[in-house]
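This report covers the pockets and the aromatic pairs of one protein model. The sequence and the structure come first.

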Amino acid sequence: MARTTSHPKEENFNFRVPADLKAAFKTAAELADRSAAQVIRDFMRAYVEVARTEREIQSESGHDEWVRSRIQAALDDPRPAVPHDAVMGRTRAIIDRMASEKRGEQHEA
């Protein structure tokens, strides 16, 4: 039977991740009122676009210019820098909270 829609056929993409990462990701997506699948599709589109741009820069002006552009993009990024230890501390707290909830323990807010 011929397809009656103009939308391209979608496919499944299965991959393995640690259980705690999956749970934390799903929680973060839900807090943003988005499904995990929507967020992953957005990540994939952004990654493909960055990779395409990087390939174009490399082929047009060589590796040196590509490196310089990546450094400048990082310097121009308006987001505030977050120290690695702070990110890891927040991540560990989320993982620990979720693990204790899974075990049925009460946690302090």
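## Pockets and aromatic pairs

The largest pocket encloses about 760 Å³ of space. Its lining is made up of 18 residues, and those closest to the centre of the pocket are Phe-13, Phe-15, Ala-36, Ala-37 and Ile-40. Two elements, helix H1 (19-31) and helix H2 (36-76), each give two or more residues to this lining. H2 supplies the largest share, seven residues. By class, the lining of the largest pocket has 10 nonpolar, two polar and six charged residues. The model is a predicted one.

The second largest pocket has a volume of about 180 Å³. Its lining consists of Ala-19, Asp-20, Ala-23, Ile-95, Met-98, Ala-99, Glu-101 and Lys-102. Here the elements that give two or more residues are H1 and helix H3 (84-102). The largest share, five residues, comes from H3. Five residues of this lining are nonpolar and three are charged, with no polar residue.

H1 thus appears among the contributing elements of the largest pocket and of the second largest pocket.

The structure also holds two aromatic pairs. In one of them, the rings of Phe-13 and Phe-15 have their centres 5.8 Å apart and their planes at 85°; the pair is edge-to-face because planes over 60 degrees apart count as such. Both residues are also among those closest to the centre of the largest pocket. Phe-13 is exposed, with a relative accessible area of 56%, a value that lies over the 50% cut-off. Phe-15, at 49%, is partly exposed.

Phe-25 and Phe-43 form a tilted pair, with 6.4 Å from centre to centre and 40° between the planes. Phe-25 lies in helix H1 and Phe-43 in helix H2, so this pair ties together parts that are 18 residues apart in sequence. Phe-25 counts as partly exposed at 24% relative accessibility, whereas Phe-43 counts as exposed at 52%.

The accessibility of the four paired residues is listed below.

| Residue | Relative accessible area | Class |
|---|---|---|
| Phe-13 | 56% | exposed |
| Phe-15 | 49% | partly exposed |
| Phe-25 | 24% | partly exposed |
| Phe-43 | 52% | exposed |

How values were computed: Residues numbered from 1 in each chain as written. Predicted model: local features only at pLDDT ≥ 70, side-chain atom pairs only at ≥ 80, totals over all residues. Heavy atoms only, no water. 1 Å grid on protein atoms, 1.4 Å probe; cavity = no way out; pocket = protein on both sides within 12 Å on 5 of 7 lines; lining within 4 Å. Points joined across faces, edges and corners; volume = space filled by probe spheres on them. Helix = DSSP H or I, 4+ residues; strand = E, 2+ residues; numbered from the N terminus. Nonpolar A, V, L, I, M, F, W, Y, C, P; charged D, E, K, R; others polar. Phe/Tyr/Trp six-rings, centres within 6.5 Å; stacked < 30°, edge-to-face > 60°. Buried < 20%, exposed > 50% of the residue type's maximum accessible area, 1.4 Å probe, protein only.
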